[in-house]
Amino acid sequence: MDQVKFTAMRDGDKEDYDFLTAHEIHHTKGTADRLLAALVALDEGLSGYQITRLGHSLQAATRAERDGADTDWIVAALLHDIGDIYAPYNHDEYAASILRPFVREQVTWVVEKHGDFQLVYYGEHVGADPQKRAAYAGHAYFDDCATFCERWDQNSFDPAYDTLPLSHFAERVRAVFAREPYDPKVIRAGERVPLTSPA
């Protein structure tokens, strides 16, 4: 069987859907490599900064690693702006949707909200509310998002910084996207893990 028999989903039978399930499972195994390729494509996106969007993503991930962050945080730092090309008006939500099945709830929330939190650095210059983050005051992950932005995001536009290459992070990305999607042991709803190592 090379393709399903139906042309409308309601007409499919078990054989069709067993075939599609196997086909889709096989396809999902390439997700990490497609994301790594999409990161490279960030260099074709928004310009004007002193480094490329890929350079920014790599620098954020490098800073996270050097702070002693765990794999979830490092991969999130690498992918946090992956939506810049495809979803420029909600790139943070786009990235969070990609990460959500495979990393802690805490990490997904931070990635999803980082755009609002970043406004504290430049909102006044573009007619946006620099205190938009205040809407999340009291949230369990508020301080985590503020720290993510301060330590790894807003300062990762430095062409002189010793940034690690994409190849350095590739196996971490593959490991994260090889996880069982929505595994409660991975999602760990409500649990906080420090962004940085106490050392």
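**Exercise 1. In which loop does Tyr-182 lie, and is its side of the chain exposed or buried?***Solution.* The model is predicted: local features need pLDDT of at least 70, side-chain atom pairs count only at pLDDT 80 or more, and totals for chains, interfaces and linings use all residues. Residues are numbered from 1 along each chain as its sequence is written, and side-chain values use heavy atoms, with hydrogens and water left out.

Step 1: Tyr-182 is located in the loop between helix 8 and helix 9 (184-187). Helices (H or I, at least four residues) and strands (E, at least two) are DSSP runs, numbered from the N terminus.

Step 2: Tyr-182 has a relative accessibility of 54% and counts as exposed. Buried means under 20% relative accessible area, exposed over 50%, and partly exposed in between (1.4 Å probe, protein chains only).

Step 3: The phi of Tyr-182 is positive, about 60°, although the residue is not a glycine. Arg-188, also not a glycine, has a positive phi of about 45°. Arg-188 belongs to the segment after helix 9 and is partly exposed, at 31% relative accessible area.

**Exercise 2. Determine how many helices and strands the protein chain has, and describe its overall dimensions and contacts**.

*Solution.* Step 1: The protein chain has 9 helices and 0 strands, giving the pattern α-α-α-α-α-α-α-α-α along the sequence.

Step 2: Along the principal axes, the C-alpha atoms fill a box of roughly 55 × 40 × 35 Å. Of the 199 residues, 44% count as buried.

Step 3: Contact means heavy atoms within 4.5 Å. Among contacts between residues at least 6 apart in sequence, 68% join residues at least 24 apart.

**Exercise 3. Identify the residues that touch the most other members of the largest nonpolar core, and the elements that contribute to this core**.

*Solution.* Step 1: A nonpolar core is a set of buried Ala, Val, Leu, Ile, Met, Phe, Trp, Tyr and Cys residues joined through side-chain atoms within 4.5 Å. The largest such core holds 46 residues, of which Leu-39 and Phe-177 touch the most other members.

Step 2: Two or more residues each come from helix 2 (31-41), helix 3 (53-66), helix 4 (71-79), helix 5 (91-99), helix 6 (105-126), helix 7 (142-153) and helix 8 (166-177). Helix 4 gives the largest share, 7 residues.

Step 3: Apart from neighbours within four places in sequence, Phe-177 is in contact with Thr-31, Ala-32, Leu-35, Val-75, Leu-79, Ile-98, Leu-99 and Phe-102.

**Exercise 4. Analyse the geometry of helix 6 and the surroundings of Gln-118**.

*Solution.* Step 1: The expected span of a helix is 1.5 Å times one less than its number of residues. Helix 6, with 22 residues, reaches 31 Å from its first C-alpha to its last, close to the 32 Å expected.

Step 2: A kink of about 70° is centred on Val-120 in helix 6. The bend at a residue is the angle between axes fitted to the seven residues ending there and the seven starting there. Gly-127, with a positive phi near 75°, follows helix 6.

Step 3: Gln-118 lies in helix 6 and is buried, with a relative accessible area of 11%. Its side chain makes a polar contact with the side chain of Asp-153 (3.2 Å). A polar contact is a pair of N or O atoms within 3.5 Å; within protein, one must be able to donate a hydrogen and the other to accept it, and residues adjacent in sequence count only if both atoms are side-chain atoms. Not counting residues up to four places away in sequence, Gln-118 touches Cys-149, Asp-153 and Gln-154.

**Exercise 5. Examine helix 7 and state how many disulfides a search of the whole structure finds**.

*Solution.* Step 1: The 12 residues of helix 7 should span 16 Å, and the end C-alpha atoms are 15 Å apart, which agrees.

Step 2: The buried residues of helix 7 are Phe-142, Asp-144, Cys-145, Ala-146, Phe-148, Cys-149, Trp-152 and Asp-153. Helix 3, helix 4 and helix 6 are among what covers them.

Step 3: The search finds 0 disulfides, a disulfide being a pair of cysteine sulfur atoms within 2.5 Å. For Cys-145, the nearest cysteine sulfur is that of Cys-149, 4.4 Å away. Cys-145 is buried at 0% relative accessibility, and Cys-149 is buried with a relative accessible area of 0%.

**Exercise 6. Describe the environment of His-80**.

*Solution.* Step 1: His-80 is found in the loop between helix 4 and helix 5 and is buried, at 0% relative accessible area.

Step 2: The side chain of His-80 reaches the backbone oxygen of Ala-77 at 2.6 Å.

Step 3: Leaving aside neighbours within four places in sequence, the contacts of His-80 include His-56, His-91, His-114 and Asp-153.
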